[in-house]
Amino acid sequence: MEFCSANFYDTTTQIAVNSNTLTAGYVLSRDIRRQYTSQGFNNDLTTSTMTISFDETTTIDRIVMLGHNIKGMNIYYGGVTANAFVLTGPTTTSQFTGNTETSLYMPITTPIAVTSVTFDFKSTMVANSEKAIGYILLTAKEYTFPRVPAAGDYKPVLKPKELKHELSTGGIRTHVVDQKWNVKLKYKYFSSTDRDSLKTIYDDHETKAFIPFNTTSGWDGIVFESNWTGPFEFYAYSDNASSSGFSGSITLEET
């Protein structure tokens, strides 16, 4: 469970693809129903390429992909194919030949300063399909929670933004515009070090990517950029003794 920086790219002008430019911007949206899809690359012998460039040299240590159908791909930086990322999982290097996961959480072993990240999409899970990708997050870890909260202290809600129309018969018709995550976390017995780290995150008053159950295999794909709303509560002692640590809650609302 961790906080990461907001996505390091945020405009379509930073994305270059070798086909179907009109849909490239969809990888900026967490809504994986809207995908970037290649055009004319529905052959596993052809490679669809996407390069994301940064305005300045940027240090990253997390690559996230959601809602994709990619079986074989290479990921590298600086425009040079030899510059493969060294990952802690799901592969040692960022070269995939038999991927079966539609959502990938890829931690980079050592944070690395880059000017661009390139994805070479080579093959698809269903052979000879167009390459499709729902969301790409390029980010860096800012804080790792010391533990996962108890089930009763973790309350995730996927809230719809919907238009509701009552028909003359009394029936209801709805139109869901979008869905956004709202998460409440409660913790006890936090050390002063963790409290101070959380205070730094809070004081940024900046969007952070939240990844609740990050794992390099069998990942549930839940990740979203959020704002920490409400007060900072972690100055309350968890027990009568100050050495017991601190308690508080966090409310995160998706941007």
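This report looks at how strand β1 pairs with its neighbours and at the two largest pockets of a predicted model.

Let's start with the strands. β1 covers residues 2-5 and runs antiparallel to β13, residues 208-211, with four bridges joining the two. Within that pairing, F3 sits opposite F210 of β13. β1 also has β10, residues 141-144, as an antiparallel partner, this time over three bridges. Here E2 faces T144 of β10.

Now for the pockets, side by side:

| Pocket | Volume | Nonpolar lining residues | Polar lining residues | Charged lining residues |
|---|---|---|---|---|
| Largest | about 260 Å³ | five | four | six |
| Second largest | about 220 Å³ | six | two | four |

If you want to look around the largest pocket, 15 residues line it, and those nearest its centre are L28, R30, E225, E254 and T255. Two elements, β12 (172-190) and β14 (224-229), each give two or more residues to that lining.

What lines the second largest pocket? Going along the chain, you'll find R30, D31, I32 and R33, then L66 and L158, then D178, Q179 and W181, and finally G221, I222 and V223. β12 supplies the largest share of this lining, with three residues. So β12 turns up in the linings of both the largest pocket and the second largest one. R30 does likewise: it lies among the residues nearest the centre of the largest pocket and is also one of those lining the second largest.

Notes. Residues are numbered from 1 along each chain as its sequence is written. This is a predicted model: local features need pLDDT of at least 70, side-chain atom pairs count only at pLDDT 80 or more; totals for chains, interfaces and linings use all residues. Side-chain values use heavy atoms; hydrogens and water are left out. Two strands pair if DSSP finds at least two bridges between them. On a 1 Å grid over the protein atoms alone, a cavity is a set of points where a 1.4 Å probe fits but cannot get out, and a pocket is an open set with protein on both sides within 12 Å along at least five of seven lines; lining residues have an atom within 4 Å of a point. Grid points are joined across faces, edges and corners, and a volume is the space filled by probe spheres set on the points. Ala, Val, Leu, Ile, Met, Phe, Trp, Tyr, Cys and Pro count as nonpolar, Asp, Glu, Lys and Arg as charged, and the others, Gly among them, as polar.
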